[in-house]
Amino acid sequence: MRLKGLKFKYVSQKAVVLVVMSTLLLSLLWMAKPGTASADSGSIGVPADTLTIKVGYFGGPYYTKKVYTASDLDAMPQVQQAYTFIDNMPAVVIDSAKGIKLTDLLADAGIDVNSVEAFYFYATDTKVGWYQCLPKSYLLDTARYYYPNLPTHWDSDTHSSIPGAVYGAIRVAPIIATRDNWQRFATAPDFSVNDTSTRFRLLFGQDDTNTRTAFRSVKWVHAIEVMLGGTPPSGVTLDQGMVNLKVGSTVQLTATVGPDDATDKSVTWSSSDTSVATVDNNGLVTVVGQGTATITVSTVVGNMTATCIVNDPNQDAGAQTIVPTSAGPEKDGSQGALSQQQYLTEKTESVAGVNSSRAGSQPWRVYEMSADAVPLQKQKEQNNLDIYAAMIFLCLFLLGAGRRYAEYAKEI
């Protein structure tokens, strides 16, 4: 019986060891599995070589506004600032960073910050979808600070800050860091280390001294999708569809983006042949040479276009004309060209020389005949009344003759 007890005890110990080893193995596998990485998790990502800024509306699609290289971002105005975070341990982190303000990045990409509703950040360690979505109200509209006293006023037992942590707070702006020095348990910033392995990182500061926000500080960002609020543009039109100008002349084109409540109405201009006509960013067209060119305006969001033809060869080259887009093509496909046959041009102004007091409300009209009009051949008049009278006379004659003959036959 004693041997059986020892054997049972030995088997139980083996079972316990097996369970412990299995638990450790599963924990390691869970920690190593791919997925969304926290800013302080130590997950291995790839430093981004480019940063793509896109813009769109809820549900997409999103259109590329600009693609920045690391050297492009280094050439922009830089901000050097320390940021404090609380990670998941929880512990206080100080990040000494250098980078570009997020608002400056939006302005350089041509995005109105007041039209933004949310940001989607894409990281290189996330294979599918975005890593972090932050509303503009959270990221830009909320005042955020660096708390220099927080590292020395943190209670590790209660995992919370102690009085005095908020003193000396410094207002900081959200940035996209090109280099930083992320330090847990540090008590002061250190800008002597410029680590680019986490490029590009989102840093935005704290709005209190207890909330854990380190996991929202995305690193390895390679793309940012900016979601606009409001209504997307539905189309664009030009006030002129065709212009015929001499070399050296200019004309101002005006683009209208609809609907009226569209959030982003920004457009771009281009010319199909800059040796004929050029156009600036405001739609001012300058004719610089002979030939025909097409000026195109395109919406930044949606890439909807409208065009204006400069010096169409079908127009009279000796005259300067401007045709509004409302003229449009004729039903036969022509652009309102005049016929070579006889034509009448109706005018609504009063006839010259007619006394307005006598004209009253009469619908006076004037018709002009073309100089090369050919007069119509005079038609031979035919009086239908004469034919009808002859037929009636013949009928009466026959009727009278028939009656006389009947009387004559009766007398005989």
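In which loop, between which two strands, does Asn311 lie? In this predicted model, Asn311 is found in the loop that links strand S22 (305-310) with strand S23 (321-324).

**View 1. Asn311, a residue with a positive phi in the loop between S22 and S23.** The backbone angle phi of Asn311 is positive, about 55 degrees, although this residue is not a glycine. Asn311 has a relative accessible area of 11%, and because residues under 20% are counted as buried, Asn311 is classed as buried.

**View 2. Trp220, a buried residue in the loop between S12 and S13.** Here, too, the backbone angle deserves a look, since phi of Trp220 is near 60 degrees, a positive value in a residue other than glycine. The loop that holds Trp220 runs between S12 and S13, and with a relative accessibility of 4% the residue counts as buried.

**View 3. An open sheet of 5 strands with mixed pairing.** When the strands are followed across the sheet, their order is S2-S1-S13-S5-S6. Strand S2 (62-69) and strand S6 (132-135) stand at the edges, and because each has a single partner strand, one side of each is left without a neighbour in the sheet. Neighbouring strands of this sheet are turned against each other by 20 degrees on average, when direction is ignored.

**View 4. Strand S13 and its pairing with S1 and S5.** On one hand, strand S1 (residues 50-57) pairs with S13 in the parallel sense, over 6 bridges, and within this pairing Gly56 has Met227 of S13 as its bridge partner. On the other hand, strand S5 (residues 116-123) runs antiparallel to S13 and is joined to it by 7 bridges, with Phe121 having Ile224 of S13 as its bridge partner. Of the 8 residues of S13, 7 are buried, so the strand is largely enclosed by the rest of the structure. As a general reminder for reading such a view, side chains in a regular strand alternate between the two faces of the sheet.

**View 5. Pro233 and its contacts, in the loop after S13.** The loop that contains Pro233 lies between strand S13 (221-228) and strand S14 (235-238). Pro233 has a relative accessibility of 8% and therefore counts as buried. Which residues are in contact with Pro233, once its neighbours within four places in sequence are left aside? They are Tyr57, Val257, Gly258, Pro259, Ala262, Asp264, Val301 and Met304. For Met304, which is 71 residues from Pro233 along the chain, the separation between the C-alpha atoms of the two residues is 8.5 Å.

**View 6. Two cis peptide bonds, Met89 to Pro90 and Arg199 to Phe200.** The peptide bond that joins Met89 and Pro90 is cis, with omega at about 0 degrees, and Pro90 has its place in the loop between strand S3 (79-86) and strand S4 (92-101). The peptide bond that joins Arg199 and Phe200 is also cis, with omega at about -5 degrees, and Phe200 is placed in the loop between strand S11 (175-184) and strand S12 (201-203).

Technical notes: Residues numbered from 1 in each chain as written. Predicted model: local features only at pLDDT ≥ 70, side-chain atom pairs only at ≥ 80, totals over all residues. Heavy atoms only, no water. Helix = DSSP H or I, 4+ residues; strand = E, 2+ residues; numbered from the N terminus. Buried < 20%, exposed > 50% of the residue type's maximum accessible area, 1.4 Å probe, protein only. Contact = heavy atoms within 4.5 Å. Pairing = 2+ DSSP bridges. Axes fitted to C-alpha atoms, helices over the stretch in contact; angles between N-to-C directions.
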